Amino acid sequence: MAGATGLSGGTIAAAFAADPRFDLTACVARSSAGEQVQGAPCFATVAEALTEAEFDVLVDYTQADAVFAHTMQAIDAGRRVVIGTSGLTAADYAKIDDAARAARLGVVASGNFALTAALMTRFSLMAAEYLDWFEIIDYSRPKKTDAPTGTARELAERMGDIKKPAFEVDPATVKGEPGLRGGSVNGVQVHSIRMPSYSATVTSTFAAGNSRLTITHDADSHSADILVPGTLLAAQKVMGITGLLRGLDNLL
Ligand SMILES: NC(=O)C1=CN([C@@H]2O[C@H](COP(=O)(O)OP(=O)(O)OC[C@H]3O[C@@H](n4cnc5c(N)ncnc54)[C@H](O)[C@@H]3O)[C@@H](O)[C@H]2O)C=CC1
Ligand SMILES: O=C(O)C1=N[C@H](C(=O)O)C[C@H](O)C1
């Protein structure tokens with residue numbers, strides 16, 4: 001478990017340690033290196049854990065600029081990976097998929113491992129089949145370093161694979177400040193708001209004629225309990241997968 005003393009990783013490490021279906025054999029947390037965390041030896045880096053400890057699956061809830069290297073190191077060392085950390089792009093995921101397939105190993109990534117978020121994603125994908133106009137807004141805590149959120153990015157990539165939304169004025173050619181029309185992820189406009197009082201909210205908004213449909217997922221990012229069932233399910237299922245599988249809804 002990488003990020004084992006973090007907000008999400010702490011709760012998830014405790015859940016792995018308590019669940020008889022799993023053995024938590026190693027944690028990675030720089031601040032607790034050399035100690036025991038949730039009954040498992042703790043290492044300063046993923047590279048060290050890969051050399052020193054035996055495990056089948058690396059679960060990563062660390063940070064955007066570390067997760068790609070962790071994933072590639074784990075695949076190189078013959079381990080499966082569950083990616084909770086946000087910030088990876090579609091190009092990063094393509095490289096991870098290639099590496100996992102070449103090694104005949106599984107990787108599961110989900111922008112959000114909460115069941116409620118998986119359902120929001122699935123309902124939004126259903127709506128995108130029928131409706132031509134859609135955009136996404138994500139709201140998160142001010143200290144979040146990546147944008148959009150992993151939840152919004154995965155949603156935009158998947159909605160954009162269903163169809164490119166309609167525009168009357170291409171956002172890239174708008175007069176004034178094009179950035180104010182949001183950022184494009186796979187052709188879908190995403191707007192990221194980072195402010196105190198927000199925790200983790202993603203809204204997909206659709207329009208048809210003079211009517212609108214909005215689908216919103218709200219979570220309190222101060223509590224990670226909601227991530228536990230989805231992450232544990234991914235850690236089981238990743239053993240039977242080859243290549244990269246994205247989206248908790250695809251595992252349910
Ligand atoms: N997929 C999902 O359902 C969710 C994903 N996340 C994502 O998980 C990540 C972590 O989020 P939080 O737990 O809220 O953050 P956090 O900051 O509370 O925890 C991250 C932990 O990782 C550690 N860390 C950072 N870089 C590291 C490295 N190179 N090696 C080892 N440990 C390292 C930090 O010291 C910290 O303890 C973020 O990218 C966040 O967006 C968060 C919640 C849900
Ligand atoms: O607080 C965060 O950071 C979170 N990140 C995830 C994301 O990027 O989608 C989702 C989560 O609910 C909180």
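The paragraphs below walk through an annotated domain and three unusual spots in the backbone of this structure. The model is a predicted one, in which local features need pLDDT of at least 70 and side-chain atom pairs count only at pLDDT 80 or more, while totals for chains, interfaces and linings use all residues. Residues are numbered from 1 along each chain as its sequence is written, and chains are lettered from A and ligands numbered from 1 in the order in which they are written.

According to an unreviewed UniProt entry, residues 2-113 carry the feature "domain: Dihydrodipicolinate reductase N-terminal"; the position is in the numbering used here, the feature name is shortened, and such an annotation may be inferred rather than shown by experiment. This span is 41% helix and 18% strand, and its end C-alpha atoms lie 16 Å apart. Helices (H or I, at least four residues) and strands (E, at least two) are DSSP runs, numbered from the N terminus.

R104 lies in the loop between helix 4 (90-103) and strand 6 (106-109), and although R104 is not a glycine, its phi is positive, at about 55°. The residue is exposed, with 9 other C-beta atoms within 10 Å; here exposed means 12 or fewer other C-beta atoms within 10 Å of the residue's own, partly exposed lies in between, and buried means 20 or more, with C-beta atoms placed from the backbone.

Further along, a cis peptide bond joins A147 and P148, with omega about -5°, and P148 sits in the loop between strand 7 (133-140) and helix 6 (150-162).

S197, in the loop between strand 9 (188-194) and strand 10 (200-208), is a residue other than glycine with a positive phi, near 85°. S197 counts as exposed, with 7 C-beta neighbours inside 10 Å.
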